[in-house]
Amino acid sequence: MSRRVVRQSKFRHVFGQAAKADQAYEDIRVSKVTWDSSFCAVNPKFLAIIVEAGGGGAFIVLPLAKTGRVDKNYPLVTGHTAPVLDIDWCPHNDNVIASASDDTTIMVWQIPDYTPVRNITEPIITLEGHSKRVGILSWHPTARNVLLSAGGDNVIIIWNVGTGEVLLSLDDMHPDVIHSVCWNTNGSLLATTCKDKTLRIIDPRKGQVVAERFAAHEGMRPMRAVFTRQGHIFTTGFTRMSQRELGLWDPNNFEEPVALQEMDTSNGVLLPFYDADSSIVYLCGKGDSSIRYFEITEEPPFVHYLNTFSSKEPQRGMGFMPKRGLDVSKCEIARSAGRCACSPVSLPPQSDLFQDDLYPDTPGPEPALEADEWLSGQDADPVLISLRDGYVPPKHRELRVTKPNILDVRPPSGPRRSQSASNAPLSQHTLETLLEEIKALREQVQAQEQRITSLENMLCELVDGTD
């Protein structure tokens, strides 16, 4: 009988490669704040990076279609009075991004499709509720306009961005600094890690810790956790001897790990990025010059090493493209943005045909629930789309914020009727935004007209000189 030596996996030959020089960004002053967040976020339209800024906090938003050297005067997104610590794109609107800051606030921004001529300084809404710096942001995977924030006050707040209201506040579950928060696939549970070395599974709507594990990793350095497709928890942390370590846990039996592997000796916290479609986790560490890929399966040893992408420069931050933003024609299964460059992770193409096994239907930009439906107890899996014909990002969609009238306490009469965009009253902020956009476009048109006039004059001078 022959013995199988090589494990069967369609991802066994996965490899990473650095982006070409003309597809990278240069001269970006990445923030030097000592905070263990990714400092980078990417979606099918834009790349956002937290940057150095004097007198407050800022981040830069660059269109993916325009790469190369970034002008030092390129407009920034500014508004925070202290350094920005985390940013996160809305999964249901590619033009909306949230930022968290040392100034205790969260700001939600609308990014236009055109390149602005000056800094963006007016957020759609500012969320205020934390008493200390806010270092973690995470949008709900299936409910519209639901945003989670965690701060140095050891409190997790879940917001309805569409109204500016606090939906839930979890303020008595973490006795120390929260290191990471992650939603599960349908947004019904949270996995959190804390400085008290405890891994917790939380039902946010019930306000209960449904499972917990003390010292999932015995080291004192920060731990990270993400949900897997099977409902397990993948963690990264440190051993007692300060070696980096990864683990896989079953929340129904936290006594023993499903898998536990020592990695190497380094001070950098490993940030896990998990792809539910392929069940591959990518490990990136600040200060590292490599990204390691592992496949999670239901067969021992459960966490299988695949490959390592290495570069010459250490990474300052990292963000991973949603699956809908990948180039399926090149068998690209992941794309990371870090060190201000993009690194595709691909498989050798087997044919020119669309490969269904590599690209199952993936979460699209449409939410499955409204915020109040999720809060009432409903759960729904993400609305999936096919990548067979590629993905084209939708055009600019405005996020409308309608703050409730706190003076009107009368209950609504009759059935609740949602207000469509066509008959919804325009807010003052919307009017100001439209006027600013019109003004900016007029200035651009005026500049183009002046350029045309100048060129025409030059042409006339050349013609006169020839005569």
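**View 1. Strands β20, β21, β22 and β23 make an open, antiparallel sheet of 4 strands, in that order.** Strands here are DSSP runs of E with at least two residues, numbered from the N terminus, as helices are from runs of H or I with at least four. Two of them count as paired if DSSP finds at least two bridges between them. At the edges stand β20 (224–227) and β23 (259–265), each of which pairs on one side only. On average, neighbouring strands of this sheet are turned by 15° against each other, with direction ignored. Such angles lie between lines fitted to C-alpha atoms (for helices, over the stretch in contact) and run from 0 to 180 degrees between N-to-C directions.

This is a predicted model, in which local features need pLDDT of at least 70 and side-chain atom pairs count only at pLDDT 80 or more, while totals for chains, interfaces and linings use all residues. Residues are numbered from 1 along each chain as its sequence is written, and side-chain values use heavy atoms, leaving out hydrogens and water.

**View 2. A closer look at the edge strand β20 and its partner β21 (residues 233–238).** The two run antiparallel and are paired over 4 bridges. To find your way between them, look for Val226, which stands opposite Phe234 in β21. Pairing of this kind is made through backbone hydrogen bonds.

**View 3. A second open sheet of 4 strands follows the order β8-β9-β10-β11.** Its pairing is antiparallel. Because β8 (84–89) and β11 (125–128) each have a single partner strand, one side of each is left without a neighbour in the sheet. From one strand to the next, the twist averages 20°. Strand β10 (residues 105–110) meets β11 in the antiparallel sense over 4 bridges, and here Ile106 has Leu127 of β11 as its bridge partner.

**View 4. Strands β18 and β19 form a hairpin.** β18 (residues 198–203) and β19 (residues 208–214) run antiparallel and are joined by 6 bridges. Among the facing residues, Ile202 stands opposite Val209 in β19. Between the strands lie 4 residues, and Gly207 in the turn has a positive phi of about 65°.

**View 5. Two buried cysteines, Cys182 and Cys331.** Cys182 has a relative accessible area of 15%, and for Cys331 the value is 3%. Buried means under 20% relative accessible area, exposed over 50% and partly exposed in between, with a 1.4 Å probe and protein chains only. The structure holds 0 disulfides, a disulfide being a pair of cysteine sulfur atoms within 2.5 Å.
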